[in-house]
Amino acid sequence: MAARLAVSRWRAAPAAPGRGPLLSCRRWSGAKADTVYDVVVSGGGLVGAAMACALGYDIHFCDKKILLLEAGPKKVWEKLPETYSNRVSSISPGSATLLSSFGAWDPICNMRYRAFRRMQVWDACSEALIMFDKDNLDDMGYIVENDVIMCALTKQLEAVSDRVTVLYRSKALRYTWPYPFTMADSSPWVHITLGDGSTLQTKLLIGADGYNSGVRQAAGIQNVSWNYDQSAVVATLHLSEATENNVAWQRFLPSGPIALLPLSDTLSSLVWSTSHDHAAELVSMDEEKFVDTINSAFWSDANHTDFIDSASTMLQYAVGFLKPTKVSARQMPPSVAGVDAKSRVLFPLGLGHAAEYVRPRLALIGDAAHRVHPLAGQGVNMGFGDVSSLVHHLSAAAFNGKDLGSMSHLAGYETDRQRHNTALLAATDLLKRLYSTSATPLVLLRTWGLQATNAVSPLKEQIMAFASK
Amino acid sequence: MWRGRKLSSSGNRFLGVLRSSCWGTQAEGARLTRSAENQFSWTPQSKPWVFSDYKIMWFKSYRMTFACLNRMKIYRYPWTRLYSSQSTVDSSEIKTFLALAHRWWDEQGVYALLHSMNDLRVPFIRDNLLKTVAQHQPGKPLSGIKILDVGCGGGLLTEPLGRLGASVIGIDPVAENIKTAQHHKSFDPVLDKRIEYRACSLEEIVEETAEAFDAVVASEVVEHVIDLETFIQCCCQALKPGGSLFITTINKTQLSYALGIVFSEQITGIVPKGTHTWEKFVSPEKLESILESNGLSVQTVAGMLYNPFSGYWHWSENTSLNYAAHAVKSTEQEDPVPEFVFKGETEELRHKDSTNPGVQEELKK
């Protein structure tokens, strides 16, 4: 008996104060004791809502019961706000395909988004640059505000509300895990206790509750994580003149990468990862000084050294000799004239990776499983990739009549995604560390490396393909 | 990040295999009923290793290295699915089952092979049944189909079929198995309604409800039956005309003797000696001839192969070890034989197309 009690994992979290009145969309009491949900998604952010949506629209989940738990309130918009939100995401073509599979891409297109066709990444310490674009100048990716994506997902969830129940303002306090196989009278399902004291039972719990995942902690899954000594500053910027604005710009400064992402012909979004002190300074300085700092960050060549310049010219000459390439001269990003008031925000950065993505009756997706530096714009795309893979495995399992919480298909999802995510996480971390220094040997190494990669088109295509998944 | 764990967990697995093989040999002999209770008292003590594995790389590491030994042991347990009826029960086979009646639902335990086999047999049954249906409801492809699962054991195959929407009756002669199955499905309200379990024999079911099922599934059963001919006849009786019979079993070849008997039982000793009887294995040719002679036309015979390292089953051209067969009962009766008298009468009644209420009652039966 004692052994059994020792195994069940309990995690008490402090109850959130001041819960509002229950919304009418909660269905309780009579049905509660008998209802065993097939899937409960804990966390209604971009990735969690996308997961619930994808399952709700999946054909093999027609008669299954899905529940989405969201701790925050429901966000409704009567109409699209005129000011752009400062939190944007770069959506890869693979993620766009996922969103369109359950009809969330069209609402996004009807609201607003910006496609970009080229990406220029260059160094502050040298002339080296890399330019990504597709052969026929197809869209490489889309810059969409997070709020717009969330609104589209909410709309799609409402349309399928007979299969997917969404509980807003519901925070899970405690999770009770089942024993490995049926013991006398112990429930084989996962039990979730909510803030209002009610309990849910589910055959599969999907944790999509962000990088401080309560689900992951309750399950006792080890998480390899460290904080970067960087914070990201985001803002909405006004360009000095209207341009076609379909290029994403990123420059690696010694303090961290600064990126300019197109939002419209006259607006761009800033994501500047820099040291904590500098970030705090940027957020609090007055607008003119802020704009000047941004412009000089993109335009100034103060960090160039002659040695590196001549070394890079030498390699460029050699590359041009071996392979007649189209001359990719360094292009300059549009200059910034102003910044939206109150749009400057900062948030800390770190890396995280869960050692296990799955346990019996548990799966982690999105930031709960992995947290990455924004320099590659891959955070939410990895999350959407997780959704895509997990839905594929669950759908096949449902069509085979399998128990949804069974490890056999969950392990398949974990293998798929860990392979992809670990590589991307390692690469992003490596890039961050490589570009955080202005020590000459490393600068030389990365200058030549960048130039070489730029010259080898198949390699660039591979990188783009990997990042577009 | 996870590599370091594999070594420790496979080490744990090795200990686990040693313990479970000792456990297996204990189950033999006359102290079986007592040992069945001992198994229950065993479980708390054996738990620590189960749960220490549970914490770390569960499924993946289990499949590596030493799992192979465990797999060979599991390889044989599915087939001691025994069969009971007045004429077809083999009481010696019942004993081994009883000892493991509560271990059915451990996906990593002795029945892991059977759990894994669901990846092949459920799609096999589902796809062949869907061919007979014009339209199916997405989400519940088998809804409206009545299935009889003969020798259902703990309900490993019954539950997936129930989840796909079918109404399933699972029968098994071992009451403990039915108890485990009943207990397991009781937690799922949807399955509870769709599945019914009975501890009885095939003959008893057929007496009550002849020609009531769209499909009869006898998976890993026919190699334990004493009289195969009678068994197939009963299955046929239980089927509606045009209904499907699904059988999975082991072939009677030198290879199945070498791997299933010699290697598993005599060399490694994972399987207790005497649990398999090679003479009772059925070759596909013999099965086909019995099926055809009972009015069932064989549609498919496909080989299945188990990979002990990955833990997955695969379809194969080679039927020399395991194979699956699908046969369909013909819709016309040629010669009414004494035991088919009842069926013959209903055929005649249908042909007469009578609206006599007395006859309608006959038809309803």
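Here is a chat about rings, charges and cores in a predicted model.

Trainee: What should I know before we start?

Mentor: The model is predicted, so local features need pLDDT of at least 70, side-chain atom pairs count only at pLDDT 80 or more, and totals for chains, interfaces and linings use all residues. Residues are numbered from 1 along each chain as its sequence is written, chains are lettered from A and ligands numbered from 1 in the order in which they are written, and side-chain values use heavy atoms, with hydrogens and water left out.

Trainee: Why are Phe124(B) and Phe246(B) called an edge-to-face pair?

Mentor: Rings of Phe, Tyr and Trp (its six-membered ring) pair if their centres lie within 6.5 Å; planes under 30 degrees apart are stacked, over 60 edge-to-face, and the rest tilted. These two are 5.9 Å centre to centre with 75 degrees between the planes, so they fit edge-to-face.

Trainee: What makes this pair tie separate parts together?

Mentor: Phe124(B) lies in helix H6 (residues 112-130) of chain B and Phe246(B) in strand S5 (residues 239-250) of chain B, so the pair links parts 122 residues apart in sequence. Helices (H or I, at least four residues) and strands (E, at least two) are DSSP runs, numbered from the N terminus.

Trainee: How do you know that Lys146(B) sits over the ring of Phe213(B)?

Mentor: The rule wants NZ of Lys or CZ of Arg within 6 Å of the ring centre and within 35 degrees of the ring normal. The charged end of Lys146(B) is 5.4 Å from the centre, and it counts as sitting over the ring. Lys252(B) lies over the face of Trp278(B) too, at 5.3 Å from the ring centre.

Trainee: Which residues does Ile206(A) contact?

Mentor: Leaving aside neighbours within four places in sequence, its contacts (heavy atoms within 4.5 Å) include Val39(A), Met51(A) and Leu394(A).
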